[in-house]
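Let's take a walk through this one together, beginning where the chains meet and then turning to the spaces in and around the protein. Keep the viewer open as you read.

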Amino acid sequence: MITNEDILHLAKLARLQVAEADVLGYQTDLEAILGYVNKLKELDTEGVPEMAHADGSTNVSREDVAVVCPVDERTAMIGAFPVRSGDLLEVQAVFANRTE
Amino acid sequence: MNPSELTILEAAKLMREKKLTAYDLVSSCLERIEADNGEINALVSVSKTALDEAKAIDARRSSGEDLPMLAGIPLAIKDNIMVKGWMASAGSRILENHTAAYDATVVAQLRAQGAIFIGRANMDEFAMGSSSESCHFGVVRNPVDRERVPGGSSGGSAAAVAAGFALGALGSDTGGSVRQPASLCGVTGLKPTYGRVSRYGLIALASSLDQIGPLAKTAADVAVILSAIEGNDPKDATSSGPYETYLPEIDTEPSVEGVRIGIPKEYFLDGMDERVKASVMYAVRQLEKKGAKIVEVSLPTTEYALAVYYLVMPAEASSNLARFDGMRYGLSAGGATLQETYERTRGEGFGAEAKRRIMLGTYVLSKGYYDAYYRKALKARERIRLDFEDAFKVCDVIASPTSPTVAWKIGEKFGDPLTMYLSDIYTISANLAGIPAISVPCGTADGLPVGLQLMGKPFDEKTLLRVACTQQKT
């Protein structure tokens, strides 16, 4: 059972602004989808390992060597920053009220 | 014949024999785009440099250079695959003005072959969809019947090939997004084995399921594109290889003599579309006549596959899409606080289906639900993989429909997400198990294309493509 409050809570957790008018729609949709996936409870998975990756490989590592980013790619990525100071990415403060 | 109607193999041969120039080939595709893309909307942008690139290829060929098969061949690239200097929006408002800073590995590989990127293919937002109706850049129409959907999420890629805008295309396939639109548009599409093709430069939906795959008119053309884009890539730790490659230009008389084709009983149930079933079984019988052996197999966990998929995929999607925070690239809707900036950016940037899946993924990963949903799904996923492992002990490929229905009318399923999800019922298992699968056209029902899906053993694309090529020679 998914409630309106659940939708608002999930939206908060997922950092999503959801319009008041859309809440009921999401509630109906998620309720239907979760109702469908609940059939998985019937399936016996006792003793079956969890499948994490399709090819079964684990802990793939590479040589610890620095690879220099080409200048034009670096410039393009910096150019995509919404806000910047020089070549530095500028972000909003994490804490709203500073007490020093 | 209009050059845009050629297959890649035909066009490459004509260009090698100097009977066709890349310039004329690209011009022919551009004419088709000019005439039809306004309505079909398969491409969200068209290359301005394609003709110059074609001239350069022709000059190299004239100077006596021996060029690769794909040199001068126009290809469409799905909007979630990076082409340096092009927009890469993944069909989303949140990346509407995002320019790719680098080439995806597959794009660099195709570029090295001299392929010509003709345009960005339209898609469902972040590859979430089965109809190409959830596109920020507008609905894609099926070239076979413009009142109908082309399938999705690589609907633009499939429609571009079907409409002659390109001779081939790249799509991405997380739960059927290459195969299902290929089926609905009457073209061929392959999802390679997980890890065969690098995902570097693909905007991620669900990382344990995503694979880039080729679409083209024929399985032989698909094989040519695959041979160019496959291989281990240090930039994608989940990629592996090299593996044995299928080369249709060498295997000119493909045979299925002795190949065992499995028919999964769980895929052919009462109530399924009889016209789809009849087309698929006719194709299977043709293969039998050519020497294949038909065997019944069982994939007992099939009925749970869609449930597993709609837990694993949203869980991974909610995590992958967390990167769109308005801080580093893409849309940034300013807010008074950091939290407000996140919420406004994501609220304005993501469409309804993306939000639905992000919330679903957040739910199944949250405390108290993780074991019941996500962990349970990973165990069930292993059972699905084991089903295939068992089935492949008695057969070499598995045949089924690609889609339970032919292309439906635009708008018909759009308001009902669960019904839409059910259209992926035959394709998702291959992604969950990580195995390769291809959709090849196998006739029509009421004038609309039907697709035969063939699934293969991990990394055995060679057998899969050989069977598909034989089927297309019938």
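**Where the two chains meet**

Chain A and chain B bury about 5,100 Å² between them, and carbon and sulfur atoms account for 67% of that area. Keep in mind as you look around that this is a predicted model. Which three residues of chain A do the most of the burying? Leu40(A), Met51(A) and Gln92(A) do: together they supply 14% of the area that chain A buries against chain B, more than any other three residues. Quoting an interface by its area is a common habit: the size is often given as the accessible area lost when the parts come together.

You can also look at the interface by counting residues. On the chain A side 48 residues are in contact with chain B, and on the chain B side 63 residues are in contact with chain A.

Now for the polar side of things. Across the interface of chain A and chain B there are 16 residue pairs in polar contact, with both residues at pLDDT 80 or more. Three helices of chain A, namely α1 (4–13), α2 (23–37) and α3 (71–79), each give two or more residues to the side that touches chain B. Of the elements, α2(A) gives the most, with eight residues. Sort that side of chain A by class and you get 32 nonpolar, five polar and eleven charged residues.

Charged partners show up as well: six salt bridges cross the interface of chain A and chain B. If you'd like a salt bridge to zoom in on, try the side chains of Lys84(B) and Asp72(A), where the N to O distance is 2.6 Å.

Next, the open spaces. The largest pocket holds about 920 Å³ of space. Its lining takes in 36 residues, and those nearest the centre are Met77(A), Tyr102(B), Tyr200(B), Gly201(B) and Lys235(B). So which chains do you find around the centre of this pocket? Residues of chain A and chain B both appear among those nearest the centre, Met77(A) and Tyr102(B) being examples. By class, the lining of the largest pocket has 21 nonpolar, six polar and nine charged residues.

Move on to the second largest pocket, with about 390 Å³ of space. It is lined by 19 residues, and Leu269(B), Pro404(B), Leu422(B), Ile425(B) and Tyr426(B) sit closest to its centre. The lining of the second largest pocket divides into eight nonpolar, five polar and six charged residues.

Finally, look for the closed spaces. How many cavities of 30 Å³ or more does the model have? The count comes to two. The largest cavity has about 70 Å³ of space, and its lining is made of 15 residues, with Ala127(B), Gly129(B), Ser177(B), Tyr309(B) and Asp424(B) closest to the centre. Five nonpolar, eight polar and two charged residues make up the lining of the largest cavity.

The second largest cavity has a volume of about 40 Å³. Among the residues that line the second largest cavity are Ser183(B), Leu184(B), Val276(B), Thr402(B) and Pro449(B). Helix α6 (179–185) and strand β11 (448–456) of chain B each supply at least two of the lining residues, and β11(B) gives the most, with three. What about charge in this lining? There are no charged residues in the lining of the second largest cavity, which has five nonpolar and five polar residues.

Key: Residues are numbered from 1 along each chain as its sequence is written. Chains are lettered from A and ligands numbered from 1 in the order in which they are written. Side-chain values use heavy atoms; hydrogens and water are left out. On a 1 Å grid over the protein atoms alone, a cavity is a set of points where a 1.4 Å probe fits but cannot get out, and a pocket is an open set with protein on both sides within 12 Å along at least five of seven lines; lining residues have an atom within 4 Å of a point. Grid points are joined across faces, edges and corners, and a volume is the space filled by probe spheres set on the points. Ala, Val, Leu, Ile, Met, Phe, Trp, Tyr, Cys and Pro count as nonpolar, Asp, Glu, Lys and Arg as charged, and the others, Gly among them, as polar. Contact means heavy atoms within 4.5 Å. Buried area is the accessible area (1.4 Å probe) that two parts lose on being put together, summed over both. A salt bridge is a side-chain nitrogen of Lys or Arg within 4 Å of a carboxyl oxygen of Asp or Glu. A polar contact is a pair of N or O atoms within 3.5 Å; within protein, one must be able to donate a hydrogen and the other to accept it, and residues adjacent in sequence count only if both atoms are side-chain atoms. Helices (H or I, at least four residues) and strands (E, at least two) are DSSP runs, numbered from the N terminus.
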